[in-house]
Number of protein chains: 2
Amino acid sequence: MISVDEARAHLFDLVSPQDVETVALAQAAGRMLARDAVAMRDQPPFAASSMDGYAVKSAEVEQHAIFKIIGEAAAGNGFSGTVKPGQAVRIFTGAPMPDGADFVVIQEDTDRRDDLLTITEAPGAKSNVRPAGVDFGIGDRLTAPRRLSPSDVALLAAMNIPDVPVSRQPVVALISNGDELVMPGDTPGPDQIIASNTFGLKALFEDVGAQVRMLPIARDTTSSLTTALELASGTDLIITIGGASVGDHDLVEEVTGALGMERAFYKVRMRPGKPLMAGRLGKAAMIGLPGNPVSAMVCGHIFVVPLLRHMLGLANPLPEICTAPLTAPLPENGPRAHYMRATRTGDGIAAAGNQDSSLLRVLASSNALIVRPPGDPARDTGDTVDYIPL
Amino acid sequence: MISVDEARAHLFDLVSPQDVETVALAQAAGRMLARDAVAMRDQPPFAASSMDGYAVKSAEVEQHAIFKIIGEAAAGNGFSGTVKPGQAVRIFTGAPMPDGADFVVIQEDTDRRDDLLTITEAPGAKSNVRPAGVDFGIGDRLTAPRRLSPSDVALLAAMNIPDVPVSRQPVVALISNGDELVMPGDTPGPDQIIASNTFGLKALFEDVGAQVRMLPIARDTTSSLTTALELASGTDLIITIGGASVGDHDLVEEVTGALGMERAFYKVRMRPGKPLMAGRLGKAAMIGLPGNPVSAMVCGHIFVVPLLRHMLGLANPLPEICTAPLTAPLPENGPRAHYMRATRTGDGIAAAGNQDSSLLRVLASSNALIVRPPGDPARDTGDTVDYIPL
């Protein structure tokens, strides 16, 4: 058995970075910027007023000074003349500063009678002028790789980048495996349960930016599993779920072996999720996840999400590790890393009482996984532990 | 001017809860569960083995005990007979426990010769049996309202709920307003800039679960703004951006007034974002956001995101408030609440040096907004402050 870190390193070796494609800016949020975006213009492109008021020469600004108003500058419609001594231009937020003016007296500090302006309050030292390029200048970059946030998208718009180079979304095939499974909405037989892993994993991987194809459930026969794996043709990552314990994993091994899989590893020193396997199958990477619902979802968080982020080009694809004090003690850990379903509150963090890997309700009510290294000693209330937010 | 809390209360009064609609489970992630989901079955529906091994009677389990293997129970294909004293059934993870058996000796603790089984290691006290209903039972609920996570979706699948009642997505119309604006990809005139707010806000509101319609830019004329507002017909929330300062807000006020807007408030004691206005326009709520890019995005986070969550039915729609120690001092705050662009690191939090509301680069590189109440005194390094994660 190998460690979690070793397994991740093997997984990352199985894939290549995704190609680059171009998407419209309105579809770019959440996508991974694949090449630096470079500003082709200054923002603002001209010195602009940051307030509504009157544009004048700063040397003339003092309480009780009087100016003649010679025109107006609005956003999008600047004043074309030049401000001379004793003159002022009515100006609105975002308007270009008129030539000759370098100070905006805010409206609240003035009194206007027809075209005569008086500064009634002592203006502060602030010019209320935004210099050209104060937000960004030509050549400034939004650096790739970077998952684009709403604010990033606004910035790209301001940079006038209507089409954005992003990493192509990894296409993931999900194959549940087992005679015991039926799809939601079907009527299960007496020995059957509802397939839940594919639905949870689809949502999880789509959140990271993958495109997910949910394939038909593969039965515990060579022909059924072969058919499902053939349907996965053309995807970047094939994930089988279930059949991952001692007995029936043989089938996944047998069928993928017959299809030419090169196995990278089998079994990881962790729980839940020990019977993880991975390799290459044709042009795709392949991961065999365990079938217990919680094991499948935890392995999705610990292995598949980082792998997808790595495929998308993120420099640091590993889960964020946080720390918090325990609000309840933990027993000594065994020889495998343990990812314990837990609840993080303002006071600290506590592991769920029942860590059985079949309990979806416990997982759904958890918001964190406490990470316990192999052989971690017993921990007391108040001890600081590592966790991964869910 | 009213406070941020007062403004939010007014906003919440402008809307009604969204209708309920049904979506397919595969599309339910990220949607707001609108009614409790109730389990119509137990999970597991039968006592099941949690390991690969041999199902026997617990009273007979001891090291060196010998059993006759009488059959096999696999997931989806249980054993139909009854286990009698001295008998064992080969069993795989997830298989129903055979009648008469209440203990699974794990495979690693046994030795099998043809149909004879010997327990070679002393088995622990753990039965390795999952009782029927240990995950959930008939009548157990996933309680609404709740934004559905990937794990929730897996749980709903396991509950055999193929169609999920969720809140209808609020439809939001975005109208940028101003002669200075052109769309990304266009060539701006000498006094013009690129419209960026609508792109950033669209991404932000879609993240919360809204459907966003980006309407044509409204020019600074009555007819252009009227046309844009008429295009917003049928939406739940109309958002105008820009024209929100002293001078040209008159136009938004004039045009929406002519269309029958009932104003709820105008101006909020905050920065950035003071010139926020809101009301009802026909069947829709309407918000006028300020036009400075950072003001628009901050008001999106502080007002529109909570409003959308409230429309979707979330009981606690307000932004999450966290605390962190300052890594740099802050000057005294003025009479308005201040939402400062900031960076949260492992060490603490620090406000960006330039808080001008035009700086999209500063916003895009921030991951938090420090929340400073009106009149907050100067703060030292090490003082704890409130912040909203971005």
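Strand S5 (residues 53-56) of chain A and strand S7 (residues 87-91) of chain A run antiparallel and are joined by three bridges. Strands here are DSSP runs (E) of at least two residues, helices are runs (H or I) of at least four residues, and both are numbered from the N terminus. One pair in this ladder is A:Tyr54, whose bridge partner in S7(A) is A:Arg90.

The model is predicted, so local features are taken at pLDDT of at least 70 and side-chain atom pairs at pLDDT 80 or more, while totals for chains, interfaces and linings use all residues. Residues are numbered from 1 along each chain as its sequence is written, chains are lettered from A and ligands numbered from 1 in the order in which they are written, and side-chain values use heavy atoms, without hydrogens and water.

**Sheets**

Strands of a sheet pair through backbone hydrogen bonds, either parallel or antiparallel. Two strands count as paired if DSSP finds at least two bridges between them. S5(A) and S7(A) belong to an open sheet of six strands in chain A, with the order S8-S5-S7-S6-S10-S9 and mixed pairing. Strand S8 (103-106) and strand S9 (110-113) of chain A stand at the edges with a single partner strand each, so one side of each has no neighbour in the sheet. On average, neighbouring strands of this sheet are turned by 40° against each other, direction ignored. Axes for such angles are lines fitted to C-alpha atoms (for helices over the stretch in contact), and angles run from 0 to 180 degrees between N-to-C directions.

Chain B has an open sheet of six strands in the order S18-S15-S19-S23-S22-S20, also with mixed pairing. Its edges are strand S18 (211-214) and strand S20 (262-266) of chain B; each has a single partner strand, so one side of each is left without a neighbour in the sheet. Here the average turn between neighbouring strands is 20°, direction ignored. Within this sheet, strand S15 (residues 171-176) and strand S19 (residues 237-241) of chain B run parallel and are joined by five bridges. B:Ala173 stands opposite B:Ile238 in S19(B).

Two helices of chain B pack on this sheet. Helix H1 (residues 4-13) of chain B touches S20, strand S22 (277-281) and strand S23 (284-289) of chain B, and its direction makes about 165° with that of S20(B). Helix H4 (residues 222-231) of chain B touches S15, S18, S19 and S22 of chain B, and its direction makes about 165° with that of S15(B).

**Interface**

Chain B and chain A each give 69 residues to their contact, where contact means heavy atoms within 4.5 Å. The size of an interface is often given as the accessible area lost when the parts come together. The area buried between the two chains (accessible area, 1.4 Å probe, lost on being put together and summed over both) is about 5,600 Å², and carbon and sulfur atoms give 58% of this area. B:Asp135, B:Asp191 and B:Arg361 supply 11% of the area that chain B buries against chain A, more than any other three residues.

Four salt bridges are counted between chain B and chain A; the whole structure has 26 over all chains. A salt bridge is a side-chain nitrogen of Lys or Arg within 4 Å of a carboxyl oxygen of Asp or Glu. B:Arg361 forms a salt bridge with A:Asp140, with the closest N and O atoms 3.3 Å apart. This pair runs from helix H7 of chain B to the loop between strand S11 (129-130) and strand S12 (141-142) of chain A.

**Backbone geometry**

Most residues other than glycine have a negative phi, and most peptide bonds are trans. The table lists two cis peptide bonds.

| Peptide bond | Omega | Loop that holds the proline |
|---|---|---|
| A:Ala144 to A:Pro145 | near -5° | between S12 and strand S13 (146-147) of chain A |
| B:Ala144 to B:Pro145 | near -5° | between strand S12 (141-142) and strand S13 (146-147) of chain B |

A:Asn160 has a positive phi near 60° and is not a glycine; A:Asn160 lies in the loop between helix H2 (150-158) and strand S14 (163-167) of chain A. A:Lys267, also not a glycine, has a positive phi of about 85°, and its place is in the loop between strand S20 (262-266) and strand S21 (270-271) of chain A.
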